[in-house]
Amino acid sequence: MTPVAGSAPLFREHGTRACENGGATLRSPGLTVTDSVLHTFQVRTRSREELVDITSDVAALVSAHGGHGIATVFVPHTSAAVTINENADRDVQRDMLFWLKKLIPESGEFRHAEGNSDAHIKASLVGNSVTVPFVDGRMRLGTWQGIYFCEFDGPRARRAEVMLR
Amino acid sequence: MTPVAGSAPLFREHGTRACENGGATLRSPGLTVTDSVLHTFQVRTRSREELVDITSDVAALVSAHGGHGIATVFVPHTSAAVTINENADRDVQRDMLFWLKKLIPESGEFRHAEGNSDAHIKASLVGNSVTVPFVDGRMRLGTWQGIYFCEFDGPRARRAEVMLR
Amino acid sequence: MTPVAGSAPLFREHGTRACENGGATLRSPGLTVTDSVLHTFQVRTRSREELVDITSDVAALVSAHGGHGIATVFVPHTSAAVTINENADRDVQRDMLFWLKKLIPESGEFRHAEGNSDAHIKASLVGNSVTVPFVDGRMRLGTWQGIYFCEFDGPRARRAEVMLR
């Protein structure tokens, strides 16, 4: 929760988000984020493939920032991604991981020797950023939309970055 | 065509776009959009799977706004998406829907009980926003590019949002 | 390397990037890009399917621009795309092209008569823009991330556009 850069906090690093439905909240008292340009927080994944709901983390940053603009959530990894999908029924998340695996199996015909080519391909198909308009400090997400960090080669300590413009 | 918010029109709701090659034009006289932050318009789809060309709607907003920046088209649904693809031959659109269905069939092995898991997965693969630079009030779309609202679980009354920054 | 527009260079066209690991560098002395709104450079591809690393081109523009913001790389074509993926092992790029071809074969069941429906579908799945935050003139790419122009129907003379906001 301490700024990475000192007096001019271009970056602000936030607490680890341990896992879905867990982890630190960013709504902690005293957290001011409006003076930062880029926010980064950690995501600790627990499985090889997993979707982690980071909606509330991003919403807290947008709320503290206020005003209007575009929230860009960026994942600086090549075997992970970020997407927006249904937040109501967890089976949707299971179905997505299941079908991505069906389309691009882990033990496919790959040349890349690290054994995670499937993860790289999934990352490019799903994409490593999402872009959400916000107005008056609230993202314009639909009723059923949540923002999900997509782990395709975990478990690992990962990072997500948020820029508000 | 009336603003959602009153004196300070942060939002402006535009007429329904009934379907491809139909629907209300946004170039109607008297429509001023430059003072709005976010534009939202409705898309009425007619089939379970359908691509609706919304290029002219977005272009009208960009033209009324003028100047330079980035147009973000955002779809606030989890079983619909938005993409940029060829606007010349309608067979391209048919081929895309056909192959998405081939990759992720409607009656696949899903756990989600609502019968639209395929739509959720397609939405995450295609993505729910597109980003287009504009200069002097004109989007930098290539000659053959059009912006398509992607319905994967219609027919429904849908919404698309546009923010210009 | 000469501006497209004269005294007020809204556009600036940069030299051709011939192919991966080749082509003109944009880091040439005297290149000033901070006064331009949109940058466009050419990408000459050599194969039907190919990934061309354009990271250094985009990084040079961001560096010359400086400051903080979002870099949008936009591809104005419907049978090409842009993605972020691993820059270390070229087998990752080969695996991605191989598996995209496996999912959507060139000679599939298509109605579009031009013989490049597979390319259009791949373009929509991979997407035709990427969005990268930058701080102090440096993109926030992860260690292993590179930006790749994705040719799906080459060889051709292509274009990529970059807007920094």
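## How the copies are arranged

Turn chain B by 120°, with 0.0 Å of shift along the rotation axis, and it lands on chain C with an RMSD of 0.0 Å. The two copies are thus related as by a three-fold rotation axis. Keep in mind that this is a predicted model.

Which residue of chain B comes closest to the rotation axis? That's Leu125(B), whose C-alpha sits at 3.4 Å from the axis. As for how the copies touch, only 12% of the interface residues of chain B are also interface residues in chain C, so the copies meet through different surfaces.

## A three-stranded sheet in chain B

Chain B has an open sheet of 3 strands, running in the order 3-8-5 with antiparallel pairing. At the edges are strand 3 (50–53) and strand 5 (80–86), each of which pairs on one side only. Ignoring direction, neighbouring strands here are turned by 35° against each other on average.

Let's zoom in on one pairing. Strand 3 of chain B lines up with strand 8 (residues 145–151) of chain B in the antiparallel sense, over 4 bridges. Opposite Glu50(B) you'll find Glu151(B), in strand 8.

## His120(B) and its surroundings

Now for a histidine in helix 3 (residues 117–126) of chain B: His120(B). Is His120(B) buried or exposed? With a relative accessible area of 2%, His120(B) is buried, because the cut-off for that is under 20%.

What is His120(B) in contact with, leaving aside its neighbours within four places in sequence? From chain A, there are Asn85(A), Glu86(A), Val92(A) and Met96(A). From chain B, there are Thr78(B), Ser79(B) and His112(B).

Terms used: Residues are numbered from 1 along each chain as its sequence is written. Chains are lettered from A and ligands numbered from 1 in the order in which they are written. This is a predicted model: local features need pLDDT of at least 70, side-chain atom pairs count only at pLDDT 80 or more; totals for chains, interfaces and linings use all residues. Side-chain values use heavy atoms; hydrogens and water are left out. Copies are superposed by least squares on the C-alpha atoms of residues with pLDDT of at least 70 in both. Contact means heavy atoms within 4.5 Å. Two strands pair if DSSP finds at least two bridges between them. Helices (H or I, at least four residues) and strands (E, at least two) are DSSP runs, numbered from the N terminus. Axes are lines fitted to C-alpha atoms, for helices over the stretch in contact, and angles run from 0 to 180 degrees between N-to-C directions. Buried means under 20% relative accessible area, exposed over 50%, partly exposed in between (1.4 Å probe, protein chains only).
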